[in-house]
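Got your viewer open? Let's take a short tour, one selection at a time.

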Amino acid sequence: LAGSMLALGTRERSRQAFDDALDALKAKVSIGGSSAQASASGETIRANLAATLALVAEALKTPAFDAAEFDKLKRAQLAALEASRTDPEAIAGRAFNRRLKPWPAGDVRETPAVEEQARRLEAATLDRVKAFHGGFYGGSDAELSIVGDFDPAEARATVERLFGDWKSPSAYARVPDPYRETAAASERFETPDKANAVYVGGRSLALNDRSPDYAAMLVADRIFGSATESRLFAVVRQKLGLSYGVGTWLDEGRIDENSTLGFYAIFAPENLDKVRVAIADELKRALGEGFTAEEVANAKRALLEERKSARAQDGVLASALVSQAWLKRTWAESAELDRAIDAVGVESANAAFRKYVKPDALVDVYAGHFAKAR
């Protein structure tokens, strides 16, 4: 809750006054935080950079913690949580996360059950939120990047003035996310009167974005499911017409050798069995027959073009620079990954897919009104 209140007014300005100040500066800013980090991002024009940074500092360092705004925020989050009880996508996603990362209650990495999350929200007090902010927020271990039309010397002086003496009251410690073998499981949840059903599945992979297999796995994942030209989309969505949306995602670890390969599909509940069979058949075909040289070449070209295009966007550059500072990396690592992608061949793409994708070691979660469809 502390992070969610950062943009809801400061000691100097009400929520409306803060928003009005941003509008006057032609600035768009997003500020928030979680139990392990806080962040701010945004954009403005050259002339208003210093004033925009001052507003961000004001929100991060001296939030109002207004009682009325706190009560409103709690009610909104509780209402959203209540709505998620019957939402197939929210139900499947939460169950999948709890299966894949079963951290104990109270751990910051835990995905709590809806009932437990609601209980914690109900028990939250404004005094505890203030205490959390006072005990953890500070700039001692912060990273900041600015991209665009600005004066570097002036910006550096502004940042030093605003954040230089903002010391963190507690020492920073990274929260580790170690790999653990996925325990195969299948769950089905009934969501009465919902038109669409949702499938979320996948497993943890023992690799990160610096692993030797990473580039090959990126290529394989794109061929199989992470793009609109992928096999899953072409067969399940376009050819068979069984799904409104279907695909995969690869959420790679940056430090810990722990990534997530995920599958998803949105479909009519009466197509449950057909969707399951179609995805399983495509998975079996990919593991058995493998990918073709043409598929690998197309996937490599698309990945490299997307990466090049992304580096031309100011927002992506700013985010990348912050990430690099935290990870103690440079653009040399990005160039190295480009070369690794370009070097992926048919054998390495197929080998990576077969190494990490295990159909008998997946978590599969389905949520929908399946009883009505039978």
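How do α9 and α10 run relative to each other, roughly parallel or roughly antiparallel? Before you answer, keep in mind that you're looking at a predicted model.

**Stop 1: two helices side by side**

Select residues 231-239 for helix α9 and residues 272-289 for helix α10. Their axes sit 10 Å apart, and the packing angle is about 150 degrees. Angles over 145 degrees count as roughly antiparallel, so that is the answer for α9 and α10. The crossing of this pair is right-handed.

Now show the side chains where the two helices touch. On α9, pick R231, L232, V235 and V236. On α10, pick A278, I279, E282, R285 and A286. Colour them by class and you should get six nonpolar and three charged residues, with no polar ones.

**Stop 2: a crossing pair**

Next, select α8 (214-224) and helix α14 (residues 346-356). What angle do the axes of α8 and α14 cross at? It's roughly 85 degrees, and the axes come within 8 Å. That makes α8 roughly perpendicular to α14.

Which residues make the contact? From α8 come A216, M217, V219, A220 and F224. From α14 come S348, A349, A352, F353 and Y356. Try the class colours again: this contact has nine nonpolar residues, one polar and no charged.

**Stop 3: an open pocket**

Keep α8 selected and add α11 (293-310), α12 (314-327) and α13 (331-343). Each of these four helices supplies at least two residues to the lining of the second largest pocket. Which helix gives the most to that lining? It's α13, with seven residues.

To find the middle of the pocket, select D209, R254, R307, S334 and L337, which lie nearest its centre. In total, 29 residues line the pocket, and the space inside is about 780 Å³. The lining is a mixture of 13 nonpolar, six polar and 10 charged residues.

**Stop 4: an enclosed space**

Last stop! How many cavities of 30 Å³ or more does the structure hold? Just one. To see what surrounds the largest cavity, select L100, K101, W103, D177, P178, R180, S204 and N258. The space in there is about 40 Å³. By class, the lining divides into three nonpolar, two polar and three charged residues.

Methods: Residues are numbered from 1 along each chain as its sequence is written. This is a predicted model: local features need pLDDT of at least 70, side-chain atom pairs count only at pLDDT 80 or more; totals for chains, interfaces and linings use all residues. Side-chain values use heavy atoms; hydrogens and water are left out. On a 1 Å grid over the protein atoms alone, a cavity is a set of points where a 1.4 Å probe fits but cannot get out, and a pocket is an open set with protein on both sides within 12 Å along at least five of seven lines; lining residues have an atom within 4 Å of a point. Grid points are joined across faces, edges and corners, and a volume is the space filled by probe spheres set on the points. Ala, Val, Leu, Ile, Met, Phe, Trp, Tyr, Cys and Pro count as nonpolar, Asp, Glu, Lys and Arg as charged, and the others, Gly among them, as polar. Axes are lines fitted to C-alpha atoms, for helices over the stretch in contact, and angles run from 0 to 180 degrees between N-to-C directions. Angles under 35 degrees count as roughly parallel, over 145 as roughly antiparallel, 65 to 115 as roughly perpendicular and the rest as oblique. A crossing is left-handed if the near helix is turned anticlockwise from the far one by less than a right angle, and right-handed if clockwise. Contact means heavy atoms within 4.5 Å.
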